[in-house]
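Hi,

Here is the structure I said I would pass on to you. Have a look at it first, and then read on for my notes.

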Amino acid sequence: MYRIVETVKSRRPYDSTRRRKQAQETRRAILEVARRLFLKRGYASTTMASVAEGAGVSVEAVYKAFSN
């Protein structure tokens, strides 16, 4: 009979501080661009694609940052 012994490393705790900060910065950039475009073009003429392009993110990222 053989016995297999494995050494299991303990997991370090997940720290999402950096990811949260990046998400906040992305959200802030989107808001700044959206505000600027709303003032320049108006709400009806501002597209999600133009906001995303101005913020340097994808349209999906804009939706994800604001949940709707």
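Below I go through how the helices pack and then turn to the pockets.

One thing to keep in mind from the start: this is a predicted model.

Let's begin with α1 and α2. Helix α1 covers residues 17-41 and helix α2 covers residues 48-55. Their axes come within 9 Å and cross at roughly 125°. Angles from 65 to 115 degrees count as roughly perpendicular and those over 145 as roughly antiparallel, so α1 is oblique to α2. The crossing of these two helices is right-handed. On the α1 side, the residues that meet α2 are A29, I30, V33, A34, L37 and R41. Their partners in α2 are S50, V51, G54 and A55. Sorted by class, that contact has 7 nonpolar residues, 2 polar ones and 1 charged one.

Next comes α1 with α3, the helix that spans 59-66. Here the axes are 10 Å apart and the packing angle is about 105°, which makes α1 roughly perpendicular to α3. From α1, the contact uses R27, I30 and L31, and from α3 it uses A61, V62, A65 and F66. The class split is 6 nonpolar, no polar and 1 charged. If you are colouring residues as you go, I30 is worth picking out: I30 is in the set that meets α2, and I30 also takes part in the contact with α3.

The last pair is α2 and α3. Their axes are 8 Å apart and they pack at an angle of about 95°, so α2 is roughly perpendicular to α3. M48, A49 and A52 in α2 meet V59, V62 and Y63 in α3. What classes of residue are in this contact? There are 6 nonpolar residues, with no polar and no charged ones. V62 is another one to highlight, as V62 meets α2 here and is also part of the contact between α3 and α1.

Now for the pockets. The largest pocket holds about 230 Å³ of space. It is lined by 12 residues, and the closest to its centre are A34, F38, M48, V51 and V62. Some of those will look familiar: A34 and V51 are in the contact of α1 with α2, while M48 and V62 are in the contact of α2 with α3. Which helices supply the lining of the largest pocket? α1, α2 and α3 each supply at least two residues, and α1 gives the most, with 4. By class, the lining has 9 nonpolar and 3 polar residues, and no charged ones.

The second largest pocket has about 180 Å³ of space. Its lining is made up of R19, A23, T26, R27, A61, K64 and A65. Both α1 and α3 supply at least two of these residues, and the largest share, 4 residues, comes from α1. The classes here are 3 nonpolar, 1 polar and 3 charged, whereas the lining of the largest pocket has no charged residues. R27, A61 and A65 tie this pocket back to the packing, since they line the second largest pocket and also belong to the contact of α1 with α3.

That's everything from my side.

Best wishes

How values were computed: Residues numbered from 1 in each chain as written. Predicted model: local features only at pLDDT ≥ 70, side-chain atom pairs only at ≥ 80, totals over all residues. Heavy atoms only, no water. Axes fitted to C-alpha atoms, helices over the stretch in contact; angles between N-to-C directions. Parallel < 35°, antiparallel > 145°, perpendicular 65-115°, else oblique. Left-handed = near helix turned anticlockwise from the far one by under 90°. Contact = heavy atoms within 4.5 Å. Nonpolar A, V, L, I, M, F, W, Y, C, P; charged D, E, K, R; others polar. 1 Å grid on protein atoms, 1.4 Å probe; cavity = no way out; pocket = protein on both sides within 12 Å on 5 of 7 lines; lining within 4 Å. Points joined across faces, edges and corners; volume = space filled by probe spheres on them.
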